[in-house]
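Welcome, and thanks for opening your viewer. Let's take a friendly walk through this structure, one selection at a time.

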Amino acid sequence: MARRALITGITGQDGSYLAEDLLDQGYDVWGLVRGQANPRVSRVRKLLQDVQLVRGDLLDQGSLISAVERVQPDEVYNLGAISFVPMSWEQAELTAEVTGMGVLRMLEAIRVCSGITASRSSGSGQIRFYQASSSEMFGQVRETPQNERTPFHPRSPYGVAKAYGHFLTQNYRESYGMFAVSGILFNHESPRRGAEFVTRKVTLGVARIKLGLASELRLGNLEARRDWGYAGDYVKAMRLMLHAETPEDYVIGTGHTQSVRELVAAAFEAAGLDWEQYVVGDQALHRPAEVDLLCADPKKARVQLGWEPTVAFEELVAMMVESDLRLLSAGIDLEQDSSWP
Ligand code: NAP
Ligand code: F7E
């Protein structure tokens, strides 16, 4: 019988790639969707014929228990979150509830539905759980590159909420013997990336300028450095972690780091433009506390999971610029269809 996966956050960037990957692997895929007017059709439209949807919200414990009872999953991927770091200062409590407490509610739904208690730990037919942890937990980094043993020093309410979810996942593994793991994923991008994140903001900005739809691009801190990879590669690592023999946490990234300035230069160059003529610094886009430098050490994932990134930074940027030029040239309404190149 096909393995059955339940994905929270299926309408997001990673949810859409993960659903495709699991369908390719022969899985029966279910996606948790929330709200009255959801799912946001842009990213799930093409999947609707293959994926089954179940209603639920990470803010609502009962809905998660009902979803797990209905789907009877073999694997749960918890990708749902408020994931935009600046929003976590504006709505810190909501971020704690969704991104942090949401992990507790999902783990409790699995524990309750599996009949696991402190004296009756998880058995062989257990539900395997993946938590979407983040390199934002490293924050003000203590060492470079960052690996699974690097201490956390989060710099935003988002990073703090992710650290809570990370330790809780570890705690459920140790307390109840659950197969519960966290992937500490560094920034990963794609043509389906939300327009608020810097890579997509830049590639959309470049496409607008190239097509004469805009004359400038306003950005915040150009000196921050990130380890940027391709989302399609990273979702494969999630599946590999749940197929490992033992439940362990893994750092997933490329091992290379670039500045926002380098990202901007590469994106404008991909469209044959000189970025210095168009980019305007905007103090309002700087964060209350910045994460200055992230760079992964993905050795454990390479050695133990056989995972490696396949798309280099320049290739990723060019892919996103090309995709946005195609979308905007075709006059596609970004709110409707942009996320599905
Ligand atoms: P994304 O595009 O922002 O997607 C977030 C998803 O969470 C959406 O499907 C959203 O659903 C869902 N969601 C929000 N509030 C929810 C709630 N109350 N209940 C249930 N679902 C809710 O994020 P992403 O880039 O795909 O990232 C996936 C996960 O990995 C997130 O947990 C993120 O924090 C984490 N992560 C991402 C990166 C990265 O670079 N992309 C790196 C490390 C970790 P709606 O459509 O209904 O809003
Ligand atoms: O910012 C700088 C900004 O918003 C990257 C999420 O997926 O990855 C993501 O978090 C850098 C920061 O991503 C603008 O200050 C400059 O230093 O693309 P971002 P993020 O904050 O790194 C991690 C791993 C996650 O887990 C998160 O969920 O770019 N920057 N100017 C800007 N950033 C934005 N958004 N907009 C600007 O105008």
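Start by selecting R226 and E136. These two form a salt bridge, and their closest N and O atoms are 3.8 Å apart. Keep in mind as you look around that this is a predicted model.

**Stop 1: the two domains**

Now colour the chain by domain. Domain 1 covers 4-188 + 228-252, while domain 2 covers 195-226 + 256-294 + 312-329. If you mark the C-alpha centre of each domain, you will find the two centres 28 Å apart.

Next, show the residues where the domains meet. How many residues of each domain are in contact with the other? Domain 1 brings 18 residues, and domain 2 brings 20. Together the two domains bury about 1700 Å² between them, with 68% of that on carbon and sulfur atoms. On the side of domain 1, pick out F84, R155 and W228: these residues lose the most area to domain 2, and together they make up 46% of what that side buries.

**Stop 2: polar links across the interface**

Stay at the interface of domain 1 and domain 2, where the rule finds 1 salt bridge. The count of residue pairs in polar contact between the two domains, with both residues at pLDDT 80 or more, is also 1.

Then highlight α4 (85-90) and β10 (229-230), each of which supplies at least two residues of the side of domain 1 that touches domain 2. The largest share of that side comes from α4, with 3 residues. Try colouring the side of domain 1 that touches domain 2 by residue class: you should see 9 nonpolar, 7 polar and 2 charged residues.

**Stop 3: along helix α5**

Select residues 92-113, which make up helix α5, and find E97 in it. Is E97 buried, partly exposed or exposed? E97 counts as partly exposed because its relative accessibility is 27%, and the partly exposed range runs between 20% and 50%.

Show the neighbours of E97 next. Leaving out residues up to four places away in sequence, E97 touches L59, G102 and R105. Zoom in on R105, which forms a salt bridge with E97, the closest N and O atoms being 2.4 Å apart. Unlike its partly exposed partner, R105 is buried, with a relative accessible area of 12%.

For a sense of distance, draw a line from the C-alpha of E97 to the C-alpha of G205. The two residues are 33 Å apart in space and 108 residues apart in sequence.

Another pair to select is R111 and E108, whose side chains meet in a salt bridge (2.7 Å, N to O). Why are R111 and E108 separated by about one helical turn? The reason is that they are 3 residues apart in helix α5. Both of these residues are buried.

**Stop 4: a link between two helices**

For the last stop, select D21 and K236. Their side chains meet in a salt bridge, at 3.7 Å from N to O. D21 lies in helix α1 (residues 13-24) and K236 in helix α8 (residues 231-243), so this pair ties together parts that are 215 residues apart in sequence.

Compare how the two partners sit: D21 is buried, with a relative accessible area of 5%, whereas K236 is partly exposed, with 38%. Add R239 to your selection, and you will have a network of salt bridges linking D21, K236 and R239.

To finish, show every salt bridge at once: a search of the whole structure finds 17.

Definitions and conventions
Residues are numbered from 1 along each chain as its sequence is written. Chains are lettered from A and ligands numbered from 1 in the order in which they are written. This is a predicted model: local features need pLDDT of at least 70, side-chain atom pairs count only at pLDDT 80 or more; totals for chains, interfaces and linings use all residues. Side-chain values use heavy atoms; hydrogens and water are left out. Domain bounds come from an automatic or database domain assignment. Contact means heavy atoms within 4.5 Å. Buried area is the accessible area (1.4 Å probe) that two parts lose on being put together, summed over both. A salt bridge is a side-chain nitrogen of Lys or Arg within 4 Å of a carboxyl oxygen of Asp or Glu. A polar contact is a pair of N or O atoms within 3.5 Å; within protein, one must be able to donate a hydrogen and the other to accept it, and residues adjacent in sequence count only if both atoms are side-chain atoms. Helices (H or I, at least four residues) and strands (E, at least two) are DSSP runs, numbered from the N terminus. Ala, Val, Leu, Ile, Met, Phe, Trp, Tyr, Cys and Pro count as nonpolar, Asp, Glu, Lys and Arg as charged, and the others, Gly among them, as polar. Buried means under 20% relative accessible area, exposed over 50%, partly exposed in between (1.4 Å probe, protein chains only).
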